[in-house]
Amino acid sequence: MEYNFDQTTDRRGTASLKWERYRGRDIVPLWVADMDFRSPPEMLEALHKRVEHGVFGYPVPPHALVDTIVERMQRMHGWAIEPDWIVWLPGVVVGLNVACRAIGQPGDQVATFTPIYPPFLSAPRHVQKSTIRVPLAKQGDRYTFDVDRFGASITAHTHMLLLCNPHNPVGRSFDRAELARVAEVCLGHNIVICSDEIHCDLILDDKRHVPTATLGREVEQQTITLMAPSKTFNIPGLGCAMAIIPNGNLRRRFLDARSGLVPHVNVLGYEAALAAYRHCEPWRQALLAYLRGNRDLLLREVNRIPGLAMGPVEATYLAWIDASALGVDDPPRFFEQAGVGLSDGAEFEGPGFVRLNFGCPRATIEQALERIGNIVR
Ligand SMILES: Cc1ncc(COP(=O)(O)O)c(C=O)c1O
């Protein structure tokens, strides 16, 4: 089947977080991480069928979904998981927060590498824990872990690392060797790794995602992995995600921390996830090709605009743009005045940067580039 990612869908008036922010204003919204594409037709068909059935009682995870995930994890990542390692969640951010409740005591410290997706910074705070921020290091134009600094920042109260793999906002898909050095430090200090891998099916470069838990048996036993079909298949509004927790003791603590607070995944979320993983691989491949085109266009054109610098994006549909050389006080406001709505790097602990979501038709990117180029020049 041919998929047309150039097709625009009017999202105004659909109670979209992304589009409501600039309601009634001529500002192209390229901020929060959902895409402007319709979900795969194969998935829409499955959802239509489920809606036609017409009964929406309490669900359980469909057996077919569990089987599909176990098979897919083996095929895509060489990771043999057991069905009962999977804990269902209505979102990955919920998983970050539950992990922070489950591991350690109030007053403890949770480490993370910055810049980082803001909920990594707020989740520890919600349960009276503090965050150790370890800046990512720059090697040429690539970000990587500063493992020495990470090791040096750990104290007797550090019990968990919130890791983002692939990384939002810097777009890295980390190599096995990089991850192994971080995991070694964690094992040495008995630190649980909560690895957010929501972007793992959005690797744009010719490389394979390495789930942190596949680094070895010991790491697997020390890791909570968070995954979801939501970013890849554009269904964050359907609320279906999972934690994969091989260690029974960690899993029980996670389930305890979740209990009574976290709602079921809804019936349509399960249905969409099943269709995504079973039937939508051709759509995903076509999406990746399209996103690569958007990324390449941005990389070329943003770096031609004086005062802006964008690095490579190996994974995600997010560009992390350094606007500090422009010398403006408030870069997101500056770009809003030009008619482009971007995420503020300061919220990611990257002041002077903006994050641009390129999960949209190319014509939208071209329009944004023109507006950005005009205001800067
Ligand atoms: C790294 C990361 N984790 C989690 C989320 C959000 O996940 P959810 O909508 O399932 O809570 C995002 C969304 O951008 C993300 O980039």
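**Why the labels fit: the ligand site and some backbone oddities**

Student: What makes the pairing of D196 with a nitrogen atom of the ligand a polar contact?

Tutor: A polar side-chain atom of D196 lies 2.5 Å from that nitrogen. A polar contact is a pair of N or O atoms within 3.5 Å (within protein, one must be able to donate a hydrogen and the other to accept it, and residues adjacent in sequence count only if both atoms are side-chain atoms). With 2.5 Å against a limit of 3.5 Å, the pair qualifies. Keep in mind that this is a predicted model: local features need pLDDT of at least 70, side-chain atom pairs count only at pLDDT 80 or more, and totals for chains, interfaces and linings use all residues. Residues are numbered from 1 along each chain as its sequence is written, and side-chain values use heavy atoms, with hydrogens and water left out.

Student: Which other residues make polar contacts with an oxygen atom of the ligand?

Tutor: V93 uses a polar backbone atom, 2.9 Å from a ligand oxygen. H199 brings a side-chain N or O atom to 2.8 Å from a ligand oxygen. The protein also covers 88% of the 400 Å² of accessible area that the ligand has on its own (Shrake-Rupley method, 1.4 Å probe).

Student: Why are residues such as A33 and K231 listed around the ligand?

Tutor: A residue is near a molecule if one of its heavy atoms lies within 4 Å of it. A33 and K231 are in that shell, and so are G91, V92, V93, Y117, C164, N168, D196, I198 and H199. The shell divides into six nonpolar, three polar and two charged residues. Here Ala, Val, Leu, Ile, Met, Phe, Trp, Tyr, Cys and Pro count as nonpolar, Asp, Glu, Lys and Arg as charged, and the others, Gly among them, as polar.

Student: What makes helix α4 an enclosed one?

Tutor: Buried means under 20% relative accessible area, exposed over 50%, and partly exposed in between (1.4 Å probe, protein chains only). Eight of the eleven residues of α4 (92–102) meet the buried criterion, so the helix is largely enclosed by the rest of the structure. Those residues are V92, G95, L96, N97, V98, A99, C100 and A102. The helix itself is a DSSP run (H or I, at least four residues; strands are E, at least two), numbered from the N terminus.

Student: Why is R172 called buried, and where is its place?

Tutor: Its relative accessible area is 3%, so it falls under the 20% cut-off. R172 is in the loop between β7 and α7, and its side chain reaches the backbone oxygen of Y143 at 2.7 Å. N165, in that loop too, is buried at 1%.

Student: How do you know which peptide bonds are cis?

Tutor: By omega. From N165 to P166 it is near 0 degrees, and between N168 and P169 it is about 20 degrees. P166 and P169 both lie in the loop between β7 and α7.

Student: Why is P135 called neither buried nor exposed?

Tutor: P135, in strand β4 (130–135), has 29%, so it sits between the 20% and 50% limits and counts as partly exposed.

Student: What makes the phi of N234 and of T316 worth flagging?

Tutor: Each is a positive phi in a residue other than glycine: about 60 degrees for N234 and near 80 degrees for T316. T316 is buried at 0%, and N234 counts as buried at 13%.
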